[in-house]
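Here is my note on the model you sent. Please read the points with the structure open.

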Amino acid sequence: MTEAHPASRDFTIPEGCPVCAADLPVRVTASGPSGVCKHCGWLGRPVITVTHRGLSVSYEGARA
Ligand SMILES: [Zn+2]
């Protein structure tokens, strides 16, 4: 892996949007992760937790 921009990194959570289940692009910066759905415009902060079953994605601040 090459880290061209160590201050921030982008990734996509498959079907990560809680509103429309579209792929959710997420940008992680020093201030934390933030995601904006390109499909419906949902904005929130995904919280990714590793569990025994794999990655679990939850959200906070979505109703602010
Ligand atoms: Zn969406």
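1. H39 is exposed, because 12 other C-beta atoms lie within 10 Å of its own and the cut-off for exposed is 12 or fewer. H39 sits in the loop between β3 and β4. Setting aside residues up to four places away in sequence, H39 touches C17, C20 and A22. L24 is 15 residues away from H39 along the chain, and their C-alpha atoms are separated by 8.7 Å.

2. A word on status. This is a predicted model. The protein averages a pLDDT of 83, and 84% of the residues score at least 70. Confidence is highest in β2, at a mean of 90. Confidence is lowest in β5, at 78. Where pLDDT is low, the predicted coordinates should not be read in detail.

3. Next, the overall content. The protein has 0 helices and 5 strands. Along the sequence the pattern is β-β-β-β-β. Of the 64 residues, 11% are buried. Take the contacts between residues at least 6 apart in sequence: 8% of them join residues at least 24 apart.

4. How are the strands arranged? The 5 strands form an open sheet in the order β1-β2-β3-β4-β5, with antiparallel pairing. β1 and β5 are the edge strands, and each pairs on one side only. On average, neighbouring strands of this sheet are turned by 35 degrees against each other, direction ignored.

5. Now β2 and β3. The two strands run antiparallel and are joined by 4 bridges. One residue pair to check is R27, whose bridge partner in β3 is S34. β2 and β3 form a hairpin, with 2 residues between them.

6. β3 covers residues 32-36 and β4 covers residues 43-51. This antiparallel pair is joined by 2 bridges. G35 has G44 in β4 as its bridge partner. Here too there is a hairpin, with 6 residues between the strands. G41 lies in that turn and has a positive phi of about 85 degrees. H39, from point 1, belongs to the loop between β3 and β4 as well.

7. β4 and β5 are antiparallel and joined by 7 bridges. Among the residues to inspect is I48, whose bridge partner in β5 is V57. The hairpin from β4 to β5 runs through 2 residues.

8. Is β5 covered or bare? β5 is hardly covered: among its 7 residues, the count of buried residues is 0. β5 is also an edge strand, pairing on one side only. Its mean confidence, 78, is the lowest in the protein. Please keep these points together when reading this strand.

9. Y59 is a residue of β5, which spans residues 54-60. Why is Y59 classed as partly exposed? Y59 has 16 C-beta neighbours inside 10 Å, and partly exposed is the class between the limits of 12 or fewer for exposed and 20 or more for buried. Leaving aside neighbours within four places in sequence, Y59 is in contact with P18, G44, R45, P46 and V47. P18 is 41 residues from Y59 in sequence, yet their C-alpha atoms are 8.5 Å apart. One of these contacts, G44, is also the bridge partner of G35.

10. The loop between β1 and β2 deserves a check of its backbone angles. E15 lies in this loop, between β1 (9-13) and β2 (24-29). Phi of E15 is near 55 degrees, a positive value in a residue other than glycine. E15 is exposed, because 12 other C-beta atoms lie within 10 Å.

11. A21 is also found in the loop between β1 and β2. A21 is not a glycine, but it has a positive phi of about 65 degrees. What is the exposure class of A21? With 13 C-beta neighbours inside 10 Å, A21 counts as partly exposed. The limit for exposed is 12 or fewer, so A21 falls outside that class.

How values were computed
Residues are numbered from 1 along each chain as its sequence is written. This is a predicted model: local features need pLDDT of at least 70, side-chain atom pairs count only at pLDDT 80 or more; totals for chains, interfaces and linings use all residues. Two residues are in contact if their C-beta atoms, placed from the backbone, lie within 7 Å. Two strands pair if DSSP finds at least two bridges between them. Axes are lines fitted to C-alpha atoms, for helices over the stretch in contact, and angles run from 0 to 180 degrees between N-to-C directions. pLDDT is the predictor's confidence in each residue, from 0 to 100.
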